[in-house]
Amino acid sequence: MWMIPGQNQSWVSEFILLGFSSDPTNNSILFTVFLPIYLSSVLGNGLIIMLVSLDTQLHTPMYFFLCVLSLLDMGYVSTTIPQMLVHLLAHSQTISFAGCWLQMYVFGALGIAESTLFVVMAYDRYVAICYPLRYTVILNWGLCMWLAAGTWICGFFSSLLHTFFTMSLPYCGPNRVNHYFCEGPSVRSLACMDTHVIEMVDLVLSVFVVVTPISLILASYIHIAMAILKIKSTQVRCKAFSTCASHLTVVTFFYAPASYIYMRPNSSYSSERDKLVSLFYNAFTALFNPVVYSLRNKDIKRAFLKVMGHGRVEW
């Protein structure tokens, strides 16, 4: 905390992240649990990026977007979990005001970018199933690059608004954030002024980054389902459904907890419950994504066997 000259009110210069427990023994146990989860998330997503890069048979729009998703997941989980691991073992759990600002911004940017990417991936499946003969013509590499860049631009611009409105609030104490990272609602609850207007702005932004993508994804899959039901071959129909199953699974893992956190009134806020929900869509979703795509995907398994020496990798 520091004092503004000429005023009697102190302003927060750093925050204390309370995390999950103040007991050293519990924190040591949590460290041994979360460290393997973090390393597995990074290695799993990194493996997918490597496999797609090495195997030319995976150089298609679907796997290109899967690489972008893996890259986002690696950044997403690395924004919060390493600091949480340090705080589990360290005596000090402080983070500077600027550090909190940056963490909130990057976390939000990558999350919104991933939310937008899921819409792009749904469009990819829509084109692949509804227009299979024109798939590579419609989703040419130029369009793929623009769509990928658009997800990042949307994420970093939208997060700038959210972070600016939250961190521009006056914070004059207390400075103890009941969370393991600087999440918007947790930090905003410490502001020493009425945050009703900011909450309304945040809700509108949440509608844009959560409800709109979900609606577009549902619209895509309605068209996909209608196209699949017209297929006479049961085998082909099942194969078409299976290509969408992985995407629908990771979308559910991501949007269900995110909607709970950001699409509800502030009066129902529960810090202890929200920490667990945030941990799920932050750490566990990044861990589940490579598992889901690798277990259900024969192309990824084949590429992995090639890299391990059970076949020839096409460079």
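In this predicted model, Cys-100 and Cys-182 form a disulfide in which the two sulfur atoms lie 2.1 Å apart. The pair links distant parts of the chain, since Cys-100 sits in helix α4 (residues 97–130) and Cys-182 in the loop between β5 (176–177) and α7 (184–188), with 82 residues separating them along the sequence. The torsion about the S-S bond of Cys-100 and Cys-182 is about -125°, and the disulfide is therefore left-handed. Both of these cysteines, Cys-100 and Cys-182, are buried.

A disulfide is also formed by Cys-172 and Cys-192, whose sulfur atoms are 2.1 Å apart. Cys-172 is found in the loop between α6 (141–167) and β5, while Cys-192 is found in the loop between α7 and α8 (196–229), so this pair ties together parts that are 20 residues apart in sequence. With a relative accessible area of 15%, Cys-172 is buried, whereas Cys-192, with a relative accessible area of 31%, is partly exposed. The count of disulfides comes to 2, and when the bonded cysteines of the chain are numbered in sequence order, the pairing reads 1-3, 2-4.

Cys-130 takes part in no disulfide, the nearest cysteine sulfur being that of Cys-244, at a distance of 9.0 Å. This residue, Cys-130, is partly exposed, with a relative accessible area of 23%. For Cys-144, the closest cysteine sulfur belongs to Cys-67 and is 12 Å away, which is too far for a bond, because a disulfide requires the two sulfur atoms to be within 2.5 Å. Cys-144 is buried, and its relative accessible area is 0%.

The charged side chains were examined next. The structure holds 2 salt bridges, and in one of them Asp-55 is paired with Arg-302, the closest N and O atoms being 2.8 Å apart. This pair links distant parts of the chain, with Asp-55 in the loop between α1 and α2 and Arg-302 in helix α11, 247 residues apart. Asp-55 counts as buried at 2% relative accessibility, while Arg-302 is partly exposed, with a relative accessible area of 24%. A salt bridge is also formed by Asp-124 with Arg-125, for which the closest N and O atoms are 2.9 Å apart. Asp-124 is buried, and so is Arg-125.

Helix α11 (298–310) appears again in the description of the surface, where it and α1 (24–54) each supply at least two residues of a nonpolar patch. The patch covers about 480 Å² and is made by Leu-47, Met-50, Phe-304, Leu-305, Val-307 and Met-308, and its largest share, 4 residues, comes from α11. One of the patch residues, Phe-304, has its place in helix α11 and is partly exposed, with a relative accessible area of 32%.

The search for open spaces gave a largest pocket with a volume of about 790 Å³. This pocket is lined by 24 residues, of which Met-62, Arg-125, Lys-239, Ser-242 and Thr-243 lie nearest its centre. Arg-125 is thus both one of the residues nearest the centre of the largest pocket and the salt-bridge partner of Asp-124. The helices α2 (61–78), α4, α9 (234–262) and α11 each supply at least two residues of the lining, and α9 gives the most, with 7 residues.

As for enclosed spaces, a search of the whole structure finds 1 cavity of 30 Å³ or more, and the volume of the largest cavity is about 290 Å³. Its lining comprises 20 residues, and the closest of these to its centre are Gly-108, Gly-111, Ile-112, Val-209 and Tyr-262. At least two lining residues are supplied by each of α4, α8 and α9, and the largest share of the cavity lining, 6 residues, comes from α4. Helix α4 therefore contributes to the lining of the largest cavity and also to that of the largest pocket, and it carries Cys-100 of the disulfide with Cys-182.

A final distance concerns Thr-151, which lies in helix α6 and counts as buried at 1% relative accessibility. The C-alpha atoms of Thr-151 and Asn-26 are separated by 39 Å, and the two residues are 125 residues apart along the chain.

Technical notes: Residues numbered from 1 in each chain as written. Predicted model: local features only at pLDDT ≥ 70, side-chain atom pairs only at ≥ 80, totals over all residues. Heavy atoms only, no water. Buried < 20%, exposed > 50% of the residue type's maximum accessible area, 1.4 Å probe, protein only. Patch = residues over 30% accessible without salt bridge, like charges linked within 9 Å, V, L, I, M, F, W, Y side chains within 5 Å. Areas by Shrake-Rupley, 256 points an atom, 1.4 Å probe, with all protein chains shown as cover. Salt bridge = Lys/Arg side-chain N within 4 Å of Asp/Glu carboxyl O. 1 Å grid on protein atoms, 1.4 Å probe; cavity = no way out; pocket = protein on both sides within 12 Å on 5 of 7 lines; lining within 4 Å. Points joined across faces, edges and corners; volume = space filled by probe spheres on them.
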